[in-house]
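Colleague: I should be grateful for a close look at a single part of this structure. Please explain each term as it arises, for a reader in the first year of study.

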Amino acid sequence: MKKRIVIALVAFALGFLAAFYARFEMLSNQLEADGLRGGAANAIKHAYAAAEVYDTLRTLRLPPHESLQAVIYLGYANEYAEKITKFAKLDPHAEIKKDLYNNLAGITVARWHETHGNQPVLNSLITLAKKETLVVERENLPFDGPANPFAWFDGHRVDIQQRVESGLSGQ
(Lines give C-alpha, C1' and ligand atoms only; values in the text may rest on other atoms or scores of the structure.)
Protein backbone atom coordinates (compact mmCIF):
# COMPACT_ATOMS: atom_id res chain seq x y z
CA MET A 1 0.00 0.00 0.00
CA LYS A 2 2.79 2.46 0.91
CA LYS A 3 4.52 1.76 -2.38
CA ARG A 4 1.36 2.70 -4.33
CA ILE A 5 1.01 5.93 -2.39
CA VAL A 6 4.63 6.86 -3.08
CA ILE A 7 4.22 6.04 -6.78
CA ALA A 8 1.02 8.11 -6.91
CA LEU A 9 2.72 11.06 -5.21
CA VAL A 10 5.72 10.88 -7.56
CA ALA A 11 3.40 10.67 -10.58
CA PHE A 12 1.42 13.66 -9.32
CA ALA A 13 4.60 15.69 -8.72
CA LEU A 14 5.96 14.85 -12.18
CA GLY A 15 2.61 15.74 -13.76
CA PHE A 16 2.56 19.05 -11.92
CA LEU A 17 6.12 19.85 -13.00
CA ALA A 18 5.34 18.93 -16.60
CA ALA A 19 2.28 21.21 -16.61
CA PHE A 20 4.31 24.01 -15.00
CA TYR A 21 7.08 23.78 -17.60
CA ALA A 22 4.61 23.38 -20.46
CA ARG A 23 2.92 26.67 -19.56
CA PHE A 24 6.16 28.61 -19.82
CA GLU A 25 7.34 26.75 -22.93
CA MET A 26 4.05 27.71 -24.61
CA LEU A 27 4.58 31.32 -23.56
CA SER A 28 8.09 31.24 -25.01
CA ASN A 29 6.78 29.83 -28.29
CA GLN A 30 4.07 32.50 -28.43
CA LEU A 31 6.59 35.29 -27.79
CA GLU A 32 8.77 33.96 -30.62
CA ALA A 33 5.72 33.82 -32.89
CA ASP A 34 5.01 37.44 -31.92
CA GLY A 35 8.47 38.42 -33.18
CA LEU A 36 10.77 38.28 -30.14
CA ARG A 37 13.99 36.77 -31.43
CA GLY A 38 17.53 36.00 -30.36
CA GLY A 39 16.92 34.50 -26.97
CA ALA A 40 14.51 37.19 -25.74
CA ALA A 41 11.65 34.69 -25.44
CA ASN A 42 13.86 32.33 -23.42
CA ALA A 43 15.00 35.17 -21.15
CA ILE A 44 11.39 36.18 -20.54
CA LYS A 45 10.41 32.55 -19.93
CA HIS A 46 12.97 32.18 -17.14
CA ALA A 47 12.17 35.57 -15.62
CA TYR A 48 8.42 35.09 -15.79
CA ALA A 49 8.53 31.60 -14.28
CA ALA A 50 10.59 32.95 -11.36
CA ALA A 51 8.22 35.92 -10.95
CA GLU A 52 5.18 33.65 -10.91
CA VAL A 53 6.67 31.27 -8.35
CA TYR A 54 7.70 34.24 -6.19
CA ASP A 55 4.16 35.69 -6.42
CA THR A 56 2.67 32.31 -5.50
CA LEU A 57 4.88 32.01 -2.43
CA ARG A 58 3.97 35.56 -1.39
CA THR A 59 0.27 34.73 -1.86
CA LEU A 60 0.84 31.82 0.50
CA ARG A 61 2.14 34.44 2.96
CA LEU A 62 5.79 33.44 2.86
CA PRO A 63 7.83 36.54 3.78
CA PRO A 64 9.56 38.39 0.90
CA HIS A 65 13.13 37.32 1.74
CA GLU A 66 12.15 33.68 2.22
CA SER A 67 10.18 33.72 -1.04
CA LEU A 68 13.21 35.17 -2.85
CA GLN A 69 15.54 32.54 -1.39
CA ALA A 70 13.14 29.70 -2.21
CA VAL A 71 12.90 30.77 -5.86
CA ILE A 72 16.67 31.15 -6.12
CA TYR A 73 17.14 27.63 -4.73
CA LEU A 74 14.56 26.32 -7.21
CA GLY A 75 16.54 28.04 -9.97
CA TYR A 76 19.71 26.33 -8.77
CA ALA A 77 17.89 22.99 -8.71
CA ASN A 78 16.61 23.58 -12.25
CA GLU A 79 20.11 24.31 -13.52
CA TYR A 80 21.55 21.23 -11.81
CA ALA A 81 18.73 19.13 -13.30
CA GLU A 82 19.45 20.53 -16.77
CA LYS A 83 23.11 19.63 -16.40
CA ILE A 84 22.09 16.05 -15.64
CA THR A 85 19.28 15.65 -18.18
CA LYS A 86 20.82 17.39 -21.19
CA PHE A 87 23.22 14.61 -22.07
CA ALA A 88 24.01 15.78 -25.59
CA LYS A 89 24.26 19.47 -24.74
CA LEU A 90 25.30 20.31 -21.21
CA ASP A 91 24.69 23.93 -20.28
CA PRO A 92 27.94 25.87 -20.49
CA HIS A 93 28.73 28.16 -17.56
CA ALA A 94 27.58 31.26 -19.44
CA GLU A 95 24.16 29.68 -20.10
CA ILE A 96 23.69 28.89 -16.41
CA LYS A 97 24.74 32.44 -15.48
CA LYS A 98 22.24 33.85 -18.00
CA ASP A 99 19.40 31.71 -16.66
CA LEU A 100 20.16 32.54 -13.01
CA TYR A 101 20.45 36.24 -13.87
CA ASN A 102 17.05 36.17 -15.59
CA ASN A 103 15.51 34.23 -12.69
CA LEU A 104 16.60 36.96 -10.26
CA ALA A 105 15.45 39.62 -12.72
CA GLY A 106 11.99 38.05 -12.67
CA ILE A 107 11.91 37.99 -8.88
CA THR A 108 13.06 41.62 -8.80
CA VAL A 109 10.27 42.63 -11.19
CA ALA A 110 7.70 40.77 -9.09
CA ARG A 111 8.96 42.47 -5.93
CA TRP A 112 8.97 45.87 -7.64
CA HIS A 113 5.38 45.32 -8.81
CA GLU A 114 4.26 44.66 -5.23
CA THR A 115 4.59 48.41 -4.59
CA HIS A 116 5.07 50.13 -7.97
CA GLY A 117 3.31 47.94 -10.49
CA ASN A 118 0.78 49.57 -12.74
CA GLN A 119 0.95 47.01 -15.55
CA PRO A 120 1.27 43.23 -15.76
CA VAL A 121 4.62 41.72 -14.78
CA LEU A 122 4.88 40.09 -18.20
CA ASN A 123 4.70 43.51 -19.91
CA SER A 124 7.57 44.75 -17.75
CA LEU A 125 9.62 41.68 -18.62
CA ILE A 126 9.02 42.15 -22.34
CA THR A 127 10.14 45.76 -22.04
CA LEU A 128 13.27 44.74 -20.11
CA ALA A 129 14.08 42.08 -22.72
CA LYS A 130 13.79 44.62 -25.53
CA LYS A 131 16.08 46.99 -23.62
CA GLU A 132 18.41 44.02 -22.96
CA THR A 133 18.19 44.57 -19.23
CA LEU A 134 17.33 40.87 -19.23
CA VAL A 135 20.24 38.84 -20.56
CA VAL A 136 19.03 37.83 -23.99
CA GLU A 137 22.29 36.31 -25.23
CA ARG A 138 24.78 34.59 -22.96
CA GLU A 139 27.60 36.47 -24.69
CA ASN A 140 26.15 39.70 -23.24
CA LEU A 141 26.48 38.95 -19.54
CA PRO A 142 26.88 42.33 -17.84
CA PHE A 143 29.36 41.38 -15.11
CA ASP A 144 32.71 39.62 -14.99
CA GLY A 145 33.56 37.21 -12.23
CA PRO A 146 34.35 33.64 -11.32
CA ALA A 147 33.91 30.90 -13.91
CA ASN A 148 31.73 28.94 -11.49
CA PRO A 149 28.23 30.19 -12.37
CA PHE A 150 26.84 29.81 -8.85
CA ALA A 151 29.73 31.76 -7.30
CA TRP A 152 29.34 34.37 -10.07
CA PHE A 153 25.63 34.68 -9.33
CA ASP A 154 26.12 34.94 -5.56
CA GLY A 155 28.71 37.67 -6.11
CA HIS A 156 26.43 39.73 -8.37
CA ARG A 157 22.97 39.38 -6.84
CA VAL A 158 22.87 42.99 -5.64
CA ASP A 159 24.26 44.22 -9.01
CA ILE A 160 21.57 42.31 -10.90
CA GLN A 161 18.78 43.65 -8.71
CA GLN A 162 20.03 47.23 -9.06
CA ARG A 163 20.35 46.89 -12.83
CA VAL A 164 16.79 45.56 -13.14
CA GLU A 165 15.34 48.17 -10.78
CA SER A 166 17.07 50.87 -12.84
CA GLY A 167 15.48 49.45 -15.99
CA LEU A 168 12.08 49.41 -14.31
CA SER A 169 12.28 53.00 -13.11
CA GLY A 170 12.44 54.14 -16.73
CA GLN A 171 9.08 52.58 -17.64
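Modeller: What follows concerns helix 4 and helix 2, together with the parts that they meet.

This is a predicted model, in which local features need pLDDT of at least 70 and side-chain atom pairs count only at pLDDT 80 or more, while totals for chains, interfaces and linings use all residues. Residues are numbered from 1 along each chain as its sequence is written, and side-chain values use heavy atoms, with hydrogens and water left out.

Helices are DSSP runs of H or I with at least four residues, numbered from the N terminus. Two packed helices are described by the angle between their axes and the distance between the axes. Axes here are lines fitted to C-alpha atoms, for helices over the stretch in contact, and angles run from 0 to 180 degrees between N-to-C directions.

Helix 2 (residues 40-59) packs against helix 4 at an angle of about 45°, and their axes are 7 Å apart. That angle makes helix 2 oblique to helix 4; angles under 35 degrees count as roughly parallel, over 145 as roughly antiparallel, 65 to 115 as roughly perpendicular, and the rest as oblique. The crossing of these two helices is right-handed, a term used if the near helix is turned clockwise from the far one by less than a right angle, with anticlockwise giving left-handed. Contact means heavy atoms within 4.5 Å. Among the residues that make this contact are Asn42, Ala43 and His46 of helix 2 and Glu95, Lys98 and Asp99 of helix 4. By class, the contact of helix 2 with helix 4 has 7 nonpolar, 5 polar and 7 charged residues. In this scheme Ala, Val, Leu, Ile, Met, Phe, Trp, Tyr, Cys and Pro count as nonpolar, Asp, Glu, Lys and Arg as charged, and the others, Gly among them, as polar.

Asn42 belongs to helix 2. Leaving aside neighbours within four places in sequence, Asn42 is in contact with Ser28, Glu95, Lys98 and Asp99. Asn42 and Val135 lie 93 residues apart in sequence, yet 9.5 Å apart in space, C-alpha to C-alpha.

Helix 2 also packs against helix 5, at an angle of about 145° and with the axes 10 Å apart. This crossing, of helix 2 and helix 5, is right-handed. The contact is made by Ala40, Ile44, Ala47, Tyr48 and Ala51 of helix 2 and by Val121, Leu122, Leu125, Ile126 and Ala129 of helix 5. These residues divide into 10 nonpolar, no polar and no charged. Leu122 has its place in helix 5 (residues 121-130). Not counting residues up to four places away in sequence, Leu122 touches Leu27, Ile44 and Tyr48.

Helix 4 has a further partner in helix 6 (residues 149-169): the axes come within 9 Å and cross at roughly 40°. Helix 4 and helix 6 are therefore oblique to each other, and helix 4 passes helix 6 in a right-handed crossing. The contact includes Leu100, Leu104 and Trp112 of helix 4 and Phe150, Trp152 and Phe153 of helix 6. By class, the contact of helix 4 with helix 6 has 14 nonpolar, 3 polar and 5 charged residues.

Finally, the structure holds 1 cavity of 30 Å³ or more. A cavity is a set of points, on a 1 Å grid over the protein atoms alone, where a 1.4 Å probe fits but cannot get out, and its lining residues have an atom within 4 Å of a point. Grid points are joined across faces, edges and corners, and a volume is the space filled by probe spheres set on the points. The largest cavity has a volume of about 30 Å³. Its lining consists of Ile72, Leu100, Asn103, Leu104, Ile107 and Phe153, and helix 4 (residues 93-116) gives the most to that lining, with 4 residues.

Terms used
1 Å grid on protein atoms, 1.4 Å probe; cavity = no way out; pocket = protein on both sides within 12 Å on 5 of 7 lines; lining within 4 Å.
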